[in-house]
Amino acid sequence: MTYVFDALRCRFGEFPEPAFLLEGLDLFCVHMECAGNDFLITDGREMAEDAVFPVRTVCDFTGADGFMVLRESEIADFRLEFFNRDGSRADICGNGCRCICRFAYDFGIAREGMTVQTDAGVISG
């Protein structure tokens with residue numbers, strides 16, 4: 001599993017590389033790759049629950065296979081909202097879960113042995 005840097009405007013100091021700001025959207029994302037799939041991840045804990053993400057536009061622009069939002073959870077360390085490239089929701093994505101767990105660990109959101117709430121249930125990370 002590796003981070004992949006996209007040549008977009010990088011915001012050093014707020015996130016480690018390869019974080020970037022999607023111009024005009026004020027949406028900070030990290031682009032990660034796992035087993036041939038790449039994903040965009042954003043920390044949505046401070047965003048409104050009904051926030052709308054331009055998933056198709058962002059995935060088309062970056063070539064990502066999916067878009068993930070990390071949210072607060074009352075039953076796990078965090079909750080995963082997974083969106084396919086076409087904007088549809090998916091219950092779970094194995095490679096996506098691996099990436100978001102690494103994201104949560106690297107950013108100090110969760111420790112080893114974390115639990116993740118997905119639309120398919122709670123899993124261990």
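## Exercises on a predicted model

In this predicted model, the side chains of Arg 79 and Glu 49 come together in a salt bridge, with 2.8 Å from N to O. The exercises below begin from that pair.

### Exercise 1: The salt bridges around Arg 79

Place Arg 79 and Glu 49 in the chain, decide whether each is buried or exposed, and find which residues belong to their network.

**Solution.** Begin with position: Arg 79 sits in strand S6, whereas Glu 49 belongs to the loop between S4 and helix H1 (55–62), so that the pair, 30 residues apart, links distant parts of the chain. Next compare their surroundings, where Arg 79 has a relative accessible area of 17% and is buried, while Glu 49 has 52% and is exposed. Then look for a further partner of Arg 79, which is found in Glu 81, with the closest N and O atoms 2.9 Å apart; Glu 81 counts as buried at 6% relative accessibility. Finally, put the pairs together: a network of salt bridges links Glu 49, Arg 71, Arg 79 and Glu 81. In the whole model the count of salt bridges comes to seven.

### Exercise 2: A salt bridge between partly exposed residues

Find the salt-bridge partner of Arg 45, and state how exposed each of the two residues is.

**Solution.** The partner is Asp 43, and the closest N and O atoms of the two residues are 2.7 Å apart. Arg 45 has a relative accessible area of 34%, which makes it partly exposed, and Asp 43, with a relative accessible area of 23%, is also partly exposed.

### Exercise 3: The nonpolar cores

Identify the residues that touch the most other members of the largest nonpolar core, and work out which elements supply that core.

**Solution.** The largest nonpolar core has 22 residues, and within it Met 68 and Phe 78 touch the most other members. At least two residues of this core come from each of strand S3 (27–34), strand S4 (37–43), strand S5 (66–71), strand S6 (78–84) and helix H2 (94–106). Of these, H2 gives the most, with six residues. Apart from this core lies another one, made of eleven residues that include Leu 40, Val 55, Val 58 and Val 69. As a general background, nonpolar side chains in soluble globular proteins tend to be buried together.

To see one member of the largest core in detail, take Phe 78 and leave aside its neighbours within four places in sequence: its contacts then include Leu 70, Ile 100, Cys 101, Ala 104, Met 114 and Val 116, and also Ser 73.

### Exercise 4: Ser 73 in its loop

Describe where Ser 73 lies and which backbone nitrogens its side chain reaches.

**Solution.** Ser 73 is found in the loop between S5 and S6, and with a relative accessible area of 14% it is buried. Its side chain reaches the backbone nitrogen of Ile 75 at 3.1 Å and the backbone nitrogen of Ala 76 at 3.0 Å. When residues up to four places away in sequence are not counted, Ser 73 touches Phe 78, Arg 79 and Gln 117, and in this way the loop residue meets both the Phe 78 of Exercise 3 and the Arg 79 of Exercise 1.

### Exercise 5: Helix H2 and its surroundings

Check the length of H2 against its number of residues, then describe its buried residues and what covers them.

**Solution.** At 1.5 Å a residue, the 13 residues of H2 should span 18 Å, and the end C-alpha atoms are 19 Å apart, which agrees. The buried residues of H2 include Asn 95, Cys 99, Ile 100 and Phe 103, and what covers the buried residues of this helix includes S3, S4, S5, S6, strand S8 (115–118) and strand S9 (121–124). For Asn 95, a polar contact of 2.7 Å joins its side chain to that of Asn 37. Just after the helix, Gly 108 takes a positive phi of about 75 degrees.

### Exercise 6: Cysteines without disulfides

Why does Cys 99 not form a disulfide?

**Solution.** The closest cysteine sulfur to that of Cys 99 belongs to Cys 34 and is 4.7 Å away, which is too far for a bond, since a disulfide requires the two sulfur atoms to be within 2.5 Å. Cys 99 is buried, with a relative accessible area of 0%. A search of the whole structure finds zero disulfides. Cys 93 is likewise in no disulfide, as the nearest cysteine sulfur, that of Cys 97, is 6.7 Å away.

Note on methods:
Residues are numbered from 1 along each chain as its sequence is written. This is a predicted model: local features need pLDDT of at least 70, side-chain atom pairs count only at pLDDT 80 or more; totals for chains, interfaces and linings use all residues. Side-chain values use heavy atoms; hydrogens and water are left out. A nonpolar core is a set of buried Ala, Val, Leu, Ile, Met, Phe, Trp, Tyr and Cys residues joined through side-chain atoms within 4.5 Å. Buried means under 20% relative accessible area, exposed over 50%, partly exposed in between (1.4 Å probe, protein chains only). Helices (H or I, at least four residues) and strands (E, at least two) are DSSP runs, numbered from the N terminus. Contact means heavy atoms within 4.5 Å. A salt bridge is a side-chain nitrogen of Lys or Arg within 4 Å of a carboxyl oxygen of Asp or Glu. A polar contact is a pair of N or O atoms within 3.5 Å; within protein, one must be able to donate a hydrogen and the other to accept it, and residues adjacent in sequence count only if both atoms are side-chain atoms. The expected span of a helix is 1.5 Å times one less than its number of residues.
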